[in-house]
Amino acid sequence: MSVETGAPNDMLAAHPETAYFWGRVTGDGECEDSCITVRTNDETAARRLASIAGAERADRRIVERAYAHDTSITRQEEEFTVQVVGGLADRASAALGLPFEGDSGGYRFDALADYDRQLLRGLLEGCGTVCFKSDDDAVGISFVHEDERLLRTIQTLLDRCPVDAPYDDLSETSSGYWFGVDDDAAPALGDWLYEGSEETGLFAPSRRRKLRKSIERVR
């Protein structure tokens with residue numbers, strides 16, 4: 001993995017690595033007293049997240065994970081957990097509006113606005129789904145989360161990205177809420193989200209590979 005960006009000196013400063021990291025934490029992680037946790041099923045991404053935050057390691061286990069849109073369907077898969085111990089969780093909650101100790105989040109990402117691409121990429125990998133819709137010959141990109149406010153924040157980020165990315169209204173699902181990006185817009189959004197990622201290493205290889213293969217099938 002090629003990484004040309006240096007590690008940030010401050011985890012709350014505007015930086016491509018911090019934007020990606022906090023996107024991943026927001027999508028599938030939490031801030032608790034003196035501990036930040038982020039999860040991923042990609043070992044390379046786990047190592048990269050640990051490196052960004054200075055965590056010692058990523059713990060691996062096999063979990064029974066519910067399907068995002070229907071929690072009655074489960075599958076076994078690897079999960080890697082990265083934990084950052086210390087006062088960063090309190091600071092991140094205050095600075096970025098992340099949920100803390102079960103409280104609702106305000107999601108204030110304006111400080112990372114110069115790196116919306118990396119932030120959205122982290123959010124997609126944290127709480128997004130990617131699929132190839134064989135019946136429609138289309139790429140599906142959607143976001144699923146229990147927090148309605150987070151999904152509306154993601155919609156705001158999509159509104160200001162440089163590619164046209166219209167999306168559906170929020171709908172309820174067994175795991176919370178979800179919305180999908182219009183099928184016609186998904187390939188261009190996917191291209192934009194991962195543009196330049198090879199040079200920075202800020203991506204989960206398995207997720208990028210799945211999205212790119214889906215896009216290739218519709219072109």
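## Ground rules

Buried means under 20% relative accessible area, exposed means over 50%, and partly exposed is in between (1.4 Å probe, protein chains only). By that cut-off Arg24, at 2% relative accessibility, counts as buried.

This is a predicted model, where local features need pLDDT of at least 70 and side-chain atom pairs count only at pLDDT 80 or more, while totals for chains, interfaces and linings use all residues. Residues are numbered from 1 along each chain as its sequence is written, and side-chain values use heavy atoms, with hydrogens and water left out.

## Salt bridges

Side chains of opposite charge can pair when their charged atoms come close. Taking a salt bridge as a side-chain nitrogen of Lys or Arg within 4 Å of a carboxyl oxygen of Asp or Glu, the count comes to 13. Arg24 is in one of them, with Glu125, at 2.8 Å from N to O. Glu125 sits in helix H4 and Arg24 in helix H1 (residues 16-27), so this pair ties together parts 101 residues apart in sequence. (Helices, H or I with at least four residues, and strands, E with at least two, are DSSP runs numbered from the N terminus.) Glu125 is buried too, with a relative accessible area of 6%.

Helix H4 also supplies Asp116, which meets Arg160 from the loop between helix H5 (148-159) and strand E7 (171-173), 44 residues apart. Their N to O distance is 2.5 Å. Asp116 is buried at 9% relative accessibility, whereas Arg160 is partly exposed at 36%.

Then there's Lys133 with Asp183, whose closest N and O atoms are 2.8 Å apart. Here both partners are partly exposed: Lys133 has a relative accessible area of 29% and Asp183 one of 24%. Asp28, Glu30 and Arg39, meanwhile, are linked in a salt-bridge network.

## Cysteines

How many disulfides are there? Zero, with a disulfide being a pair of cysteine sulfur atoms within 2.5 Å. The closest cysteine sulfur to that of Cys31 belongs to Cys35, and at 9.1 Å it's too far for a bond. Both side chains are tucked under the buried cut-off: Cys31 has a relative accessible area of 3% and Cys35 one of 13%.

## A negative patch

Glu32, Asp33, Asp90, Glu101 and Asp103 form a negative surface patch. For charges, a patch takes residues with over 30% relative accessible area and no salt bridge, joining like charges within 9 Å. Glu101 is in the loop between helix H3 (88-96) and helix H4 (116-127), and at 46% relative accessibility Glu101 is partly exposed.

Note on methods
Patch = residues over 30% accessible without salt bridge, like charges linked within 9 Å, V, L, I, M, F, W, Y side chains within 5 Å. Areas by Shrake-Rupley, 256 points an atom, 1.4 Å probe, with all protein chains shown as cover. Lys, Arg positive; Asp, Glu negative; His and termini not counted. Charge placed at Lys NZ, Arg CZ, Asp CG, Glu CD.
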